[in-house]
Amino acid sequence: MRMLCACRAAFFRLRAEAMVLHLVPRWSARLFWASPGWRRTYTRGASVRLKWLGCPRGMYSPLACRAYSAVAGGPEVMLTPERYPVQRLPFSTVSEEDLAAFEYIIPGRVITDPEQLHACNVDWLRTVRGCSKVLLRPQTSEEVSQILRHCYKRNLAVNPQGGNTGMVGGSVPVFDEVILSTALMNQVISFHDVSGILVCQAGCVLEELSRYVQERDFIMPLDLGAKGSCHIGGNVATNAGGLRFLRYGSLRGTVLGLEVVLADGTILNCLTSLRKDNTGYDLKQMFIGSEGTLGVITAVSIVCPPKPKAVNVAFLGCPGFTEVLQTFRTCKGMLGEILSAFEFMDTECMQLVGQHLHLTNPVQESPFYVLVETSGSSAGHDAEKLTSVLEQVLNSGLVTDGTMATDQRKVQMLWALRERITEALSRDGYVFKYDLSLPVERLYDLVIDLRTRLGPHAKHVVGYGHLGDGNLHLNVTAEAFSQELLGALEPYVYAWTAEQRGSVSAEHGLGFKKKNVLSYSKSPVAVKLMQQLKAMLDPKGILNPYKTLPAQA
């Protein structure tokens with residue numbers, strides 16, 4: 001209540017001739033359902049408004065990402081080798097003797113039922129499909145070790161799998177690899193309520209870990225739209241970025257230690273909880289972002305920041321991308337240490353969210369939208385700083401409309417507009433997805449370029465992402481997969497990115513789909529060294545084959 005009063009007072013200090021106060025009826029849009037409150041609208045001329053929205057009774061809860069793509073009655077996903085030019089390597093096939101050995105290691109947790117295997121063979125985007133005949137569900141690192149020891153001896157390829165929420169086909173088999181699921185490895189091992197250091201098994205779901213540490217006044221250092229399904233082990237294996245990267249950095253900084261099982265079954269225990277350890281090589285860094293190709297992560301030690309006492313979110317409309325950049329610059333300069341997220345999306349993203357998910361735009365239609373989040377320890381201080389920023393961007397014309405939320409439920413609803421874009425895109429047809437790092441000033445140029453290049457051949461070309469990190473999520477939708485459209489996109493997108501000295505994968509990894517474009521971001525020397533590391537740690541190549549690294553000639 002104090003925070004609301006402080007913020008209202010700040011707005012009332014605006015010049016009377018510049019702002020006119022109106023009381024308007026309560027919000028009834030679908031996004032803010034069951035809202036008992038009211039809103040106040042501040043208008044500069046006829047276009048600039050800032051709305052305080054009433055508190056809803058319900059709250060947005062992210063759907064499990066695996067369900068996003070589960071279109072009832074949809075067509076069967078084409079087998080990966082039928083769509084992509086890939087040949088099976090000379091691995092063994094699973095025999096009855098292998099199944100008996102697995103059953104001895106993990107009794108009752110060897111799955112061969114085709115119906116249960118189907119979901120694990122298909123990525124959640126429904127673009128690739130394997131044909132594995134067996135799913136293994138170990139509960140301990142020792143069980144993983146015994147499984148891999150057997151597979152290594154028998155030359156059986158293994159596909160490690162967490163929540164199966166990956167974007168690049170890295171989490172499902174290409175052929176008949178044994179699926180090794182971490183879903184039952186879901187125990188918290190320890191948590192220190194002074195240091196905030198969490199040690200847990202790799203199969204813990206990110207959202208459940210978030211609840212666990214929030215109950216102890218901490219938060220996880222990463223947050224993803226797929227948090228309801230993704231596993232922390234998969235997050236680390238792909239070096240996931242997400243929505244808190246701007247404030248807390250990458251997992252390469254927050255992960256303190258790992259336990260990893262190597263291809264031959266050796267358990268590498270680097271599960272330290274020390275913030276500082278300068279003895280020898282930092283081996284854990286090899287496995288962060290390795291996408292299960294060097295070892296299977298079975299446990300993680302990660303440092304969690306204190307839970308912010310105050311979180312504010314503003315959702316703003318901008319007249320152009322230049323204004324988006326200037327708004328970001330203003331926020332960085334005026335908000336400083338409390339700026340925790342700065343996301344952007346174009347108007348087509350908002351239209352798709354409305355069309356497919358029936359969420360309502362809480363501000364007037366604009367060419368671009370930004371979501372600004374602050375997190376800090378003082379509600380009054382943070383609200384006053386954000387209010388000052390909003391006054392600045394409104395009065396300077398950088399922002400034409402906006403809404404601000406301080407209540408946690410309303411904050412989550414505004415975040416839903418950004419987090420559920422991927423879900424909306426998946427319902428629009430086949431999606432060609434690109435996850436790029438670019439200089440922020442060139443971040444949206446590629447979207448404009450592709451709209452001209454593709455013309456009517458694409459259904460939608462949209463851009464959104466983490467502006468604070470220089471991370472563009474470029475998505476092109478079509479009624480169905482088209483080789484012609486793919487040819488117009490690739491390698492054009494990668495060459496364009498390379499010209500800007502960008503990265504062809506900012507946070508999604510390379511997986512199966514992007515492995516052959518690694519050379520657009522890494523030198524031949526770097527690629528060769530990666531292949532040598534793979535050969536040293538996994539000489540038979542059984543761990544997640546066909547992924548991450550280009551095939552050697």
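Two strands are taken to pair if DSSP finds at least two bridges between them. In this predicted model, strand β13 (residues 310–318) meets that criterion with β15: nine bridges join the two, and they run antiparallel. One bridge places Cys318 opposite its partner Phe368 in β15.

Strand β15 has a second partner. Strand β14 (residues 339–346) pairs with β15 over seven bridges, again in the antiparallel sense. Here Phe344 has Val370 of β15 as its bridge partner. Strands of a sheet pair through backbone hydrogen bonds, either parallel or antiparallel.

The burial of β15 was examined next. The strand spans residues 368–376, and nine of its nine residues are buried. In a regular strand the side chains alternate between the two faces of the sheet. Both faces of β15 are covered. One side carries Phe368, Val370, Val372, Thr374 and Gly376, all buried. The other carries Tyr369, Leu371, Glu373 and Ser375, which are buried as well. Phe368 and Val370 thus appear twice in this picture: Phe368 is the bridge partner of Cys318, and Val370 is that of Phe344.

A further sheet is open and has five strands. Its order is β8-β9-β12-β10-β11, and the pairing is antiparallel. The edges are formed by β8 (188–191) and β11 (267–270), each of which pairs on one side only. Neighbouring strands of this sheet are turned by 10° against each other on average, direction ignored. Within the sheet, strand β9 (residues 197–201) is joined to strand β12 (residues 296–303) by five bridges, and the two run antiparallel. Val199 stands opposite Ser301 in β12. Helix α6 (residues 141–154) packs on this sheet. The helix touches β10 (255–261), β11 and β12. Its direction makes about 45° with that of β10.

Helix α17 (residues 445–454) also shows a buried set, made up of Leu446, Val447, Leu450 and Leu454. Seen down the helix axis, the buried residues of α17 fall within an arc of 100°, so they line one face of the helix. These buried residues pack against both strands and helices. The strands are β14, β17 (430–437), β18 (460–466) and β19 (471–478). The helices are α18 (483–489) and α19 (492–499). Strand β14 therefore links two parts of this description by definition of contact and pairing: β14 pairs with β15 and is packed against by the buried residues of α17. Just after α17, Gly455 takes a positive phi of about 55°.

How values were computed. Residues are numbered from 1 along each chain as its sequence is written. This is a predicted model: local features need pLDDT of at least 70, side-chain atom pairs count only at pLDDT 80 or more; totals for chains, interfaces and linings use all residues. Side-chain values use heavy atoms; hydrogens and water are left out. Buried means under 20% relative accessible area, exposed over 50%, partly exposed in between (1.4 Å probe, protein chains only). Helices (H or I, at least four residues) and strands (E, at least two) are DSSP runs, numbered from the N terminus. Axes are lines fitted to C-alpha atoms, for helices over the stretch in contact, and angles run from 0 to 180 degrees between N-to-C directions. Contact means heavy atoms within 4.5 Å. The arc is that of the directions from the helix axis to the C-beta atoms.
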